[in-house]
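Let's go through some of the labels used for a protein structure and check what earns each one. Have the sequence and the 3D view ready.

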Amino acid sequence: MTFDIRSEMRSLLADAALATDGEDRTTLEKLIDQYDQPLRIAIAGMIKAGKSTLMNALVGQRIAATDAGECTRIVTRYQRGQCYLVTAIDHSGDAHELRFDRGETLEIHLDGHSESEIEHIRVDWPSERLSGRQLIDTPGLGSISEDVSQRSIHFLTTESDFPTDAVVYLMRHRHPANVDFLEAFHGGFAASGGMSAIGVLSRADELGGGRIDSLDTAGRVAEHMAADPRVTRLCQRVFPVAGLLAETAATLRQDEYASLTALNTMGEDDRSNALLSVDRFLTSTAVPFEVETRERLLARFGMYGLRLGTQLVGAQSHSSAEQLSSELTARSGISEIEREIRARFDARRSVLRVRAAMAVLASMPVVDETDIAGRFERIASNAHDVYELDLLDRLRGRTVAGLSAERKWELERTLGIDGPAPNRRLGLEDPVVGNDVLDSASEQLDGWRRTAEHPLSSPELSHLSRMAARSLEALIQSPAQPSA
Amino acid sequence: MSETDQVASLAALTVKAATAYGRPDLAGIARRLETEARAPVARVAVAGDFKRGKSSFVNALLDTDLCTTDETVATTVPTVFRKGGDTSAVVIDVEDDGGETAHEVDPTDLRSVHLDPGRAQRIEIELDRALLGLGIEIVDCPAAAGDGHPGRAATVATARESDAVFYVTGATQPMNRFEIDLVEAIARVCPQVTVVMTRIDIAPEWRRIRAIDTEALERRGLSTEIVPVASPLRLAALARGDRDLNAESGFARIVDLLRDGVAARSAGLHRTRAARTLGLISSELLEGLEHEHESLTSSEAAERELAEVTEARKAVEGLRQASARWQRLLAEGAQDLQADTDHRLSQLGRSILEEATEQIDTIDPGKDWETFEPWLREQMVERVEAVFNHVEEELLAIVERVSAEFGERSVAITDPTDRAGALDELEVTSEFDSDKMQVLGSGMTALRGSYSGLLMFGMLGSLFGFALLNPVTVALGLTVGGKALWDERSRLVKSRRAKATAGVRQFIDQAMGAVRAELRRTIRERQRTIRDAFLAYAEERVAAADASLLKARAAAQATAQERNRRRADVEAEIGRARELHRMITTQLGAES
């Protein structure tokens, strides 16, 4: 009979809650409440990094308001609901239903509630893409108004009633405020730390000045950022994303496709002239649209999207709005983010929850009580997955004596830094065939065992190697997990 | 004749006149004005955060591709563009003895130039561009991010030494808090700041963003102009020779600002100061001649004059003695300043250490060092900068005290009542400083040297790092699970904190030692510069007094006939001096 660590922990939490009272009990009850809830993924970053835009792209609908100013001022949590519903949660945890309009985007009326009294807003939305995960849009850091930024930090890092499981962190460039935040996040969130962040270089289209090759430029910047140890400590890799393009691609309309086609059929000179700058696009007499249409197109595509879209609709393979939509989606980089979220967060939901629960329990006196202590130890001794995360957390951004950078990366990969699926742990291209997995796993297992036994290995290195070997043994025992 | 040539030639004329009339002291001042008038260079710094289009802006402005816009290479030293013939580039390194050496590099491949991190000071590029020919040098500063970023201190230091600053931000997002902070800091040290908003070609809402930025700046009391630009449009316009497109790119306004604002203003500042000083010199020459004319009326008058001049000669002689009161004032002033600075520094070191220790007690140094270290460095740079500012102010006060010892004549040159006039008229505070430094020659340049110390300090901070705190000693017993893990952790954190505190103490000691040495050197050097300048001025004054003494003696011994002949000569001289004064007043618009 296998030991189901997830349900063991659930019942342990329930019993521990009964055995305590006061603050500890409240904490445990909250933990139990959230234990089976969908993963909470926050989208965070500097002000105007494009958080709401990315949110919309991930949901595939324009919900969050996005415009040139600073628009997200209150933490907003989007969850899948049966119907459309907007609720304000105040600092004492009470819920107040709010009125809203569904125009271009969701427009929420605070109706006499002040921003400062609201802890966060919950939006129930009937969307398939919100099943199994909640997305949290947060106000930007580095806001001119310090309060607004503090709200995000508070929500994401303190003992909030709504702990976040993972964060998609948007950066526009390496910036000290980014690093401050990463540190704060890291510290306050250490309990489920290691795996929890995906780095995104946002507004990638603007980095190259909106030129057609802007995303290549962004790719190089992202690689460079990921090489910075300060970034590496929280996110192993950084993915460039053109959020606006992704959002528009996900919600592309037939009339917009038609507009791009009309632009494509303009004379070469007129077209390049009109696409030289936004002011030219808005005023050029050669463009066959009303000013309002031009403004809407700009707001939806941006200069980069217009230049790229106009070029793409000329090609045979993009002869419909659907085809163009999927091409733009592919070029926006959003698919990689989706994939990372699935591979690293969705696939680890149970482990993340068990880990968070262990961290909370370990700090409470109740864990020393005979009954609880025994069961806790039993869970702890079966929690290799959790220790993998602990180890990864501690390995982050440092070197290990006797381990080359390359070998260290292999170690981290084996421990599941890229996600727990077998192909990801083994560094194999997907899809993989069962035998390949077994062959590769045994080979790598031998390697780590040798390192563990080697007389010149330091105690730490031996320990790390044994941990990697254990991860591989587990993999060999149940290699049939799906690739990711 | 251009305006600067006009100033230069009038100054040259004044030099001749003053020499002819036996006033080498006034000739010396006029000669320095002439030299300045011939080479007025306005320095314009271009600053900004990462990825705001700063290098593209400089490239488009100068129609070049020399600035590295490569996304992955962050320039770590300033790049200076100057007028030259063929395009060339040199890297300036600082040597151990404090001197500078230059070595030539390939200007078309700057990104692969190796910069020695401890030594490389700046890259200097010569370009043949009419814009630079206006008498402007453009300094592309390394990117400056938020608090604690070394680029920030370097940017503020460069701004302080510049006549104008272009702060570059992007039109795709409003300025963030760090940017507004930095503009505010720059505006404090350099009054002529313009915000350049790039990328309006791809930002549909740039007008709104500009309004948001304007409001954010106004809330800090900054009425900085924001100029919207599109670098690609400027390059396209230059390629096609398209005037309209150039105007559309926004660079026309930038060039106007450089030409009419910066270059003309800088020349204008110099002109106003030169006009005032030359006016004073010529009227003083005139007064001297009239005085001589007066003394030639009778032998009694001549005797009286001789007595006066002899007395004046004695007084002036005192000025060049080592025992002169001004020498003592200067030496004591510098000594007091030295002691005061040492005191401030040790206090500063203590208070930083206290605050740092407090901070360390709340963090885990093994993890949080990357954020702690910049904080520490920022704290130090900020406070050390304040000490440097204090030293500058005190030195200026000393100069004022010393120049008061030189009596009314030199006060006429550094007249405090003139300052308000200068301020109201010119609305530029830096002028105030250069006015006071007049006796020392080219005002601001005397001030500029000392800030290399601050820049050096900015780099020093990054040298130390925190190698001793590498958290290799992380716990091994990770699999123990449960509480043991937490206890072990907190024990380790404690030991790391202790190590960190010791490391920080050592770091502060070393840094403060370096700063102290740098400040000592600065004060000593500045004391020497001031002394030499005033000593030279004293010599000139003595020579002038000798000349008048000779004249007065000749007048006293002369016969009535000789006196009359001499009087006729002087009358003619007075006519010429009046003419010089009239030229200066009418051509340069100086007040009499």
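**Why is it called that?**

Q: Why does A:D111 count as partly exposed?
A: A:D111 has 45% relative accessibility. Buried means under 20% and exposed means over 50%, so A:D111, at 45%, counts as partly exposed. Keep in mind that this is a predicted model.

Q: What is notable about the phi of A:D111, and where is this residue found?
A: Its phi is near 45 degrees, a positive value in a residue other than glycine. You'll find A:D111 in the loop between β6 and β7 (118-125) of chain A.

Q: What makes β5(A) and β6(A) a pair?
A: Strands pair if there are at least two bridges between them. Strand β5 (residues 99-102) and strand β6 (residues 106-109) of chain A have 4 bridges, in the antiparallel sense, so they pair. In one of the bridges, A:F100 is partnered with A:I108 in β6(A). The two strands form a hairpin, with 3 residues between them.

Q: Why is helix α3 (residues 54-62) of chain B called largely enclosed?
A: Because 8 of its 9 residues are buried, and buried means under 20% relative accessible area. Among them are B:F57, B:V58 and B:L61.

Q: How do you know whether B:D63 is buried, partly exposed or exposed?
A: Just check its relative accessibility, which is 40%. That falls between the 20% and 50% cut-offs, so B:D63 is partly exposed. B:D63 comes just after α3(B) and takes a positive phi of about 50 degrees.

Note on methods. Residues are numbered from 1 along each chain as its sequence is written. Chains are lettered from A and ligands numbered from 1 in the order in which they are written. This is a predicted model: local features need pLDDT of at least 70, side-chain atom pairs count only at pLDDT 80 or more; totals for chains, interfaces and linings use all residues. Side-chain values use heavy atoms; hydrogens and water are left out. Buried means under 20% relative accessible area, exposed over 50%, partly exposed in between (1.4 Å probe, protein chains only).
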